[in-house]
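Hi everyone, thanks for coming. I'd like to take you on a short tour of a structure that may be new to you, so please have a look at it while I talk.

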Amino acid sequence: MRKILYLAKKEVYLLKKSIILITVILAVFLASFMGIFSVRLNFIDGFLQTLDETNYTFYSVAYGANFQDVKKICGEKLYACEIYGLTDSATMISSNGKVFNTYYRDSNGKSFMFNGAFVSLNNITKSKFSTADGTLISGEWLDGDGEIVLEKYVAGMLEVSLGDIITIKDYDFTVKGIYDGDMVEPDYFFSYYFYISGETETQSSNVKIITSDATSAYSAYKKLAGKGYHTAACERAYNYFSMISPVEITLNTVAAIILSVIVVIIYTLLMVFYRQRKQFICLLKILGADNFTSAGVYFVIIFGILLLSVSLGTALGLAFNAYFINLCTSIFELPFTLNFNFLVPVISLLISCLIAVAVCIVSAIKTKNATLANEIRCE
């Protein structure tokens, strides 16, 4: 090892101009790579955390989906399923003969909608209902199949009380509770006029998954989109969610291109050394140096160049990172936080060293003694 370091020191002195030029070029490309790579690593999490700071409730929705299939894909969530004819544009008939249409127009042409939601009675749903216990006028929230809870206006129009039966689209539901919609803290879940539970048709329904954080909403959105569902999200997040994937692909592509350029630079660096120092390499071979020694000399030099380039590139990478973050801020109109991941320089150095090792091995295999001897004779 001491012999390799000694020879490397001599070579650095002779090749200093080439080393300085290549170090500068490599530092610029490494800085670009580290800046983009750092943004890529933190982009989605940082983006969603920024959305979370708005303190909004979020949702993702799958249109024309099978409710049971969606639950298998997304797991236990807070669901509000909208089914045409059952919760949307439904005709409700009470046991006393009263009829109420959830969608109608008055004589002036004004539309009125009193849509409901079909829910899944899991722990999350029951916990959500419990937050609105104070709004119940009578009864309680859903806790079993075949039940319905009504907003007071709808209950008044149907003239029903607890225990009465309401028929919707050939399904019978027992009135479990009545609540005051004016007292409910409005959000995406408590925006309906009635809630039903039980075994009903779930084909061709719009399944809304409601979450308190953007991360869960985006996860559901991505899973559903990946399964081929026509998906959407709440107005505050949909435009952002639909843009995350293209930006992610763009960052991956740019990072891959820059990494390819870095590979070419490292390969060119070795070829420059080979062309400039082929007589010296030939003498090492003739004097009995093995492939490990000849390749090791230049790998030590390259490692030093990479270490210096990564150090310089880290400083420039912070500037590139700030530029990309500001660009994201202007595109998405959200206050992104500058967050340079300092694992990136370490990862960049490791990747560069692996590339250098691979190139050195290939170069050492190609530089056979006979070939070198032939080249020096030609000189």
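Let me begin with a question: is Lys 169 buried, partly exposed or exposed? Lys 169 has a relative accessible area of 34%, so it is partly exposed. Before we go further, please keep in mind that this is a predicted model.

Let's stay with Lys 169 for a moment. You'll find it in the loop between strand 10 and strand 11, the latter covering 171-179. Its backbone is worth a look: phi is positive, about 50 degrees, although Lys 169 is not a glycine. Glu 159 also has a positive phi, about 55 degrees, and again it is not a glycine. Where is Glu 159? It sits in the loop that runs between helix 5 (152-158) and strand 10 (165-168). With a relative accessible area of 48%, Glu 159 counts as partly exposed, because the exposed class begins over 50%.

Now to the aromatic rings. How many aromatic pairs does a search of the whole structure find? The search gives 22. Let me pick out one of them, Phe 129 with Tyr 195, which is an edge-to-face pair: the centres are 5.5 Å apart, and there are 85 degrees between the planes. This pair links distant parts of the chain, since Phe 129 belongs to helix 4 (residues 123-130) and Tyr 195 to strand 12 (residues 194-196), 66 residues apart. Are these two rings buried or exposed? Phe 129 is buried at 1% relative accessibility, and Tyr 195 is buried at 0%. If you zoom out a little, you'll see that ring pairs join Phe 129 and Tyr 195 into a cluster with Trp 141, Tyr 179, Phe 189, Phe 190 and Tyr 192.

Rings can also have a charge for company here. Lys 71 lies over the face of Phe 67, 4.9 Å from the ring centre. Likewise, Lys 208 lies over the face of Tyr 59, at 4.6 Å from the ring centre.

Let's go to the surface next. There is a nonpolar patch of about 580 Å², and the residues that make it are Ile 20, Leu 21, Val 24, Ile 25, Val 28, Phe 29 and Leu 316. Which element gives the most to this patch? That is helix 2 (residues 16-52), with six residues. Take Leu 21, which lies in helix 2: why does it count as exposed? Its relative accessibility is 53%, and the class starts over 50%, so Leu 21 qualifies.

Another helix to visit is helix 9 (residues 291-332), where you'll find Phe 303. At 34% relative accessibility, Phe 303 is partly exposed. Phe 303 and Leu 349 are 46 residues apart in sequence, yet in space their C-alpha atoms are 8.9 Å apart.

Last stop, the cysteines. How many disulfides are there? The count comes to zero, where a disulfide would need two cysteine sulfur atoms within 2.5 Å. Two cysteines you can look up are Cys 74, buried at 7% relative accessibility, and Cys 353, which is buried at 13%.

If you remember one picture from today, let it be the ring cluster with Phe 129 and Tyr 195 in it. Thanks for listening!

Technical notes: Residues numbered from 1 in each chain as written. Predicted model: local features only at pLDDT ≥ 70, side-chain atom pairs only at ≥ 80, totals over all residues. Heavy atoms only, no water. Patch = residues over 30% accessible without salt bridge, like charges linked within 9 Å, V, L, I, M, F, W, Y side chains within 5 Å. Areas by Shrake-Rupley, 256 points an atom, 1.4 Å probe, with all protein chains shown as cover. Salt bridge = Lys/Arg side-chain N within 4 Å of Asp/Glu carboxyl O. Helix = DSSP H or I, 4+ residues; strand = E, 2+ residues; numbered from the N terminus. Buried < 20%, exposed > 50% of the residue type's maximum accessible area, 1.4 Å probe, protein only. Phe/Tyr/Trp six-rings, centres within 6.5 Å; stacked < 30°, edge-to-face > 60°. Lys NZ or Arg CZ within 6 Å of the ring centre and 35° of its normal.
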